[in-house]
Amino acid sequence: MLRGVTSKLQEEMSKVCQKREETIHGRQISVIELPALTRLSEEEVMRQTHRCVSLCDPGVHHFILVTPVSPLTIEDRAEMEKIKEIFNSQEHFMVLFITELSLDKSVSDFVASTESQSVVNLYGSWYSVMGLKDQKNSKQISGLFNCIENMKIEPYCLQMYMRAQEKRAQEKRDRHELEEKLSVKDNEIKELQEKIKTRGEWIHLF
């Protein structure tokens with residue numbers, strides 16, 4: 001899941017979920033890239049997120065939200081919240097901050113900022129920072145894979161995805177019912193206020 005990529009790459013990724021397989025540091029890695037969900041219809045969102053999980057057997061070991069060290073846009077925030085809403089898991093997520101700069105104090109300050117930590121908290125608490133031109137980059141990648149393997153959590157499978165959608169649907173129904181109840185109460189209050197106003201006018205006439 002990428003944020004802040006070039007417009008050309010965004011265009012290529014904008015419609016379908018894609019799978020790539022590579023050997024990195026002696027590990028066979030399957031990378032699933034999600035399209036920008038906020039640019040899709042709800043039906044297509046469900047199709048692509050279901051496909052994302054289906055492409056991994058026995059499931060997704062970890063979702064990595066790759067985000068550059070730069071301020072969030074409104075679209076970025078909406079995309080992150082959409083991803084969180086769809087998959088509804090914290091233990092399977094991490095945020096990876098990337099930068100073309102060296103990992104100096106300015107980068108550390110940005111990652112420690114309230115805005116950056118609010119993103120981390122949205123997905124749990126695990127995050128990492130990687131300098132793309134850092135000489136230690138290779139060791140960082142290897143260390144990242146080691147951390148994921150050592151977590152020993154159950155892969156995010158289709159059953160988890162379906163449970164997340166059931167919970168999401170129930171929350172929508174509950175929200176709709178609450179809005180209806182509030183609407184009824186609001187109408188009752190308006191009717192009562194109108195009656196009080198009318199009665200007050202009659203009293204004034206007498």
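This passage describes how a three-stranded sheet and several helices are arranged in a predicted model. Residues are numbered from 1 along each chain as its sequence is written, and side-chain values use heavy atoms, with hydrogens and water left out. Local features need pLDDT of at least 70 and side-chain atom pairs count only at pLDDT 80 or more, whereas totals for chains, interfaces and linings use all residues.

We may start with the sheet. Helices (H or I, at least four residues) and strands (E, at least two) are DSSP runs, numbered from the N terminus. The sheet is open, with 3 strands in the order S3-S4-S5 and parallel pairing; two strands pair if DSSP finds at least two bridges between them. Strand S3 (63-68) and strand S5 (127-131) each have a single partner strand, so they form the edges and one side of each lacks a neighbour in the sheet. On average, neighbouring strands are turned by 25 degrees against each other, direction ignored. Strand S4 (residues 93-99) pairs with S5 over 5 bridges in the parallel sense, and Leu 96 has Ser 128 in S5 as its bridge partner.

Two helices lie across these strands. Axes are lines fitted to C-alpha atoms, for helices over the stretch in contact, and angles run from 0 to 180 degrees between N-to-C directions. H3 lies across S3 and S4, at about 175 degrees to S3, while helix H4 (residues 105-112) lies across S3, S4 and S5, at about 155 degrees to S5.

Helix H3 (residues 74-87) also packs with helix H5 (residues 114-122), at an angle of about 20 degrees and with the axes 10 Å apart. That makes the two helices roughly parallel (angles under 35 degrees count as roughly parallel, over 145 as roughly antiparallel, 65 to 115 as roughly perpendicular and the rest as oblique). In this contact (heavy atoms within 4.5 Å), Arg 77, Met 80, Glu 81 and Lys 84 of H3 meet Glu 115, Ser 118, Val 119 and Leu 122 of H5. These residues divide into 3 nonpolar, 1 polar and 4 charged (Ala, Val, Leu, Ile, Met, Phe, Trp, Tyr, Cys and Pro count as nonpolar, Asp, Glu, Lys and Arg as charged, and the others, Gly among them, as polar).

With helix H2 (residues 42-54), the axis of H3 comes within 11 Å and crosses at roughly 65 degrees, which means that H2 is roughly perpendicular to H3. Here Glu 42, Val 45, Met 46, Thr 49 and Val 53 of H2 meet Lys 82, Ile 86 and Phe 87 of H3.
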